[in-house]
Amino acid sequence: MFSKLALRNVRRSFRDYGVYLLTLTFGVCLFYTFNSLDGQGAMVYLAQNKNPIVGAITALMDVFSVFVAVVLASLILYANRFLLRRRKRELGTYLLLGLSQGQVSRLLFLETGLIGAVSLIAGLVLGVLASFGMSALTLSMFEMDASSLLALSFSPRAAAKTALYFGIIFLLVMALSGVQVSRSRLIDLIHAERRNEILKPRPLGVAVLQFVLGVACLAGAYAILLLFGMALAVALPFLCFPMLGLGTLGTLLIFRSLSGFVMKFVQRHPEIYFKNLNVFTLRQWISKVHTTYLAQTVVCIMLLLAIGITASSIGLNNTLSTMVGGEAPFDITVQNHSGDVETVDFDALLREGGFDPDKELSWRYDMLVYYNDKAVTGYENADTALRVSDYNALMARQGKPAYSGPLPSEYIVFGSQLSTGRLNLDCTIVADEVAQQLKPRRQVWSADYAGEDREETEKRLLQLVQPLNNRLAVRIESRLNIYADTVGNKILALFLGLYLGFTFLLAAAAVLALQQLSQGADNAGRYAILRRLGAEDRQVSKSAGQQVALAFLLPLALALVHSVVGMKAANDIIATAGKVDVTASSAVTAGVLLAVYGGYFLATSLACRRMAKNA
């Protein structure tokens, strides 16, 4: 009997409590996706190349997974409280029909187990698909054809870890549900839906004072952040805590002041206050803001963290790509540090080994770097000299303008533009005829590959070039090696940013959705009274949607203001390493926010409108 009843209740829950089940499924999907990284194409490639970043990524993901599990556990416990609150009258009816509290607890235990099993299976299925998408995203960072590494795969280790963590969470939910039911009195369960919140009016002066103090606190926090930047957490830790404290207090005071501030403002405009059902809508919304300003503050901070972490990780990822492009202008560069003793004919060397440079290389260039002699060049601030024709040839390959200044150059040319892996020499540019009077110091040979399979081309070329180290001091740097070293850092930044960003965004959206669904259910009786008083169905549904919009948009608006200031400071730090692509990071973050937060808002608004319509 209990199994059939539990199954019926769960089947009904798919429609009535879709947001709860959606949150559980997304939580499982998120947890599995980021714990299955070891089987994704990018990580497989890095592991095959014995990149040490693999161990660091795996270790950090394990650590952050514990934090994410705690956040998701808190979210699921909060959601379960919402379910129990909605079902108190139903549970009280079971007790009236003769069931004992132990039997009701057993029923809840079965229902929670069924819901957990369904969400776990659905979440794992979505997680496998999301893991495939994540693998495709990370492989797109590689400057090579990595399609062979892209495959739909299932990670037993990640699935077992996900099942373990969420099994513990669901057991905890079952235990707490049973305790809560066992401690509830029958009369409290039966009359739970009739309890109303007491709306205590606040003087306008107090509300205005709280609002002004909140703005002042936020202004102080913004000033500290913009003045000292994100580095203050390390350089000036004593300022970090006051900044966070002022920001949190300011956010709290602004939300706390809304209940008196907004109501008094709207009441002074009767054309707005008495239009349609605005009186009812504002009263209902303000009564909740009056008692849930702490939750609004927490949601606003979680949205700030979600937006800031996601945008920063994407911005840092793009900056790392720019840095790599600057360090690797050519596919490969071979520096013969013994160029003052012996130079190498690379074309002859490659042809002797069966490598045709004319067919397998799209471009190649061989040049000498000379010792600078002040008596010859008349310039003493550089150790080496470079022919202007060589410099212009390398710039032309990169699509950069040729040198048109005086000779010898009055500024030092650094090696990042001249070779892959940096030349690490300060060079002055001299005329070609002047360079003939100087002594060679180093030979630099650079090339770009012609074929699509650059890995195979590089492998064969290195087999012929690396033996030069037996008699010469040769340094070899390739774009593929630099990308392999850097892509691990890119993946780490992107994974951690998306992992934490999605977690905070999911938590914030789910908390607001569950709050609004609970309030929509509580307002069902009030909607019925409005209809009996003559209100149209369209007006009632619109009122329900407006309450949801206010609850979702106000924390988001303040979080966006926080994010603009925070991202300004974060981008200043990132920009010290390279150019920040603000447009790309903002666009991706906006897309994520629209998909997750907007999806929850739409689902919640439709559900509350349906509750109002069916009241």
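## A tour from helix α6 to helix α21

Start by selecting Val125, which sits in helix α6; helices (H or I, at least four residues) and strands (E, at least two) are DSSP runs numbered from the N terminus. The model is predicted, so local features need pLDDT of at least 70 and side-chain atom pairs count only at pLDDT 80 or more, while totals for chains, interfaces and linings use all residues. Residues are numbered from 1 along each chain as its sequence is written, and side-chain values use heavy atoms, with hydrogens and water left out.

**The nonpolar patch**

Val125 counts as partly exposed, at 48% relative accessibility. On this scale buried means under 20% relative accessible area, exposed over 50%, and partly exposed in between, with a 1.4 Å probe and protein chains only. Now add Leu22, Phe26, Ile121, Leu126, Leu129, Phe132 and Leu152 to the selection: with Val125 they form a nonpolar patch on the surface, with about 700 Å² of accessible area together. α2 (18-35) and α6 (101-139) are the elements that give two or more residues to the patch. The largest share, 5 residues, comes from α6. A patch takes residues with over 30% relative accessible area and no salt bridge; like charges are joined within 9 Å, and nonpolar side chains (Val, Leu, Ile, Met, Phe, Trp, Tyr) within 5 Å. The areas come from the Shrake-Rupley method with a 1.4 Å probe, and for residues only the protein chains shown count as cover.

**Strand β1**

Go next to Gln335 in strand β1 (residues 332-336). Gln335 counts as buried, at 0% relative accessibility. Its side chain is joined to that of Arg442 by a polar contact of 2.7 Å. A polar contact is a pair of N or O atoms within 3.5 Å; within protein, one must be able to donate a hydrogen and the other to accept it, and residues adjacent in sequence count only if both atoms are side-chain atoms. Show what surrounds Gln335: leaving aside neighbours within four places in sequence, its contacts are Ser419, Arg422, Leu423, Arg442, Gln443, Val444, Ala473, Val474 and Arg475. Contact here means heavy atoms within 4.5 Å.

**Salt bridges**

A salt bridge is a side-chain nitrogen of Lys or Arg within 4 Å of a carboxyl oxygen of Asp or Glu, and by this rule the count comes to 13. Select Glu342 and Arg471, whose side chains meet in one of them, at 3.3 Å from N to O. This pair links distant parts of the chain, 129 residues apart: Glu342 is in the loop between β1 and α14 (346-352), and Arg471 in the loop between α19 (454-465) and β6 (474-478). Glu342 is partly exposed at 30%, whereas Arg471 is exposed at 52%.

Arg364 and Asp347 form another, with the closest N and O atoms 3.0 Å apart. Here too the pair links distant parts of the chain, with Arg364 in strand β2 (residues 361-371) and Asp347 in helix α14, 17 residues apart. Arg364 is partly exposed at 25% relative accessibility, and Asp347 is partly exposed at 21%. Extend the selection to Arg351 and Asp358: these residues are linked with Asp347 and Arg364 in a network of salt bridges.

**The loop between α17 and β4**

Move to Pro408, in the loop between α17 (388-397) and β4 (427-430). The peptide bond from Leu407 to Pro408 is cis, with omega near -5 degrees. Further along, Phe414 lies in the loop between α17 and β4 and is exposed, with a relative accessible area of 52%. Phe414 is in contact with Leu425 and Asp426, leaving aside neighbours within four places in sequence. From Phe414 to Cys427 there are 13 residues in sequence and 6.5 Å in space, C-alpha to C-alpha. Asn424 also belongs to this loop. Asn424 has a positive phi of about 60 degrees although it is not a glycine, and is exposed at 55%. For reference, most residues other than glycine have a negative phi, and most peptide bonds are trans.

**Helices α20 and α21**

Select Gln516 in helix α20 (residues 479-522). Gln516 counts as buried, at 6% relative accessibility. Not counting residues up to four places away in sequence, Gln516 touches Gln547, Val548, Ala551, Phe552, Thr604 and Cys608.

End at helix α21 (residues 524-532), whose buried residues are Tyr527, Ala528, Leu530 and Arg531. Look down the axis of α21: the buried residues fall within an arc of 160 degrees, so they line one face of the helix. The arc is that of the directions from the helix axis to the C-beta atoms. Just after α21, Gly534 has a positive phi of about 110 degrees.
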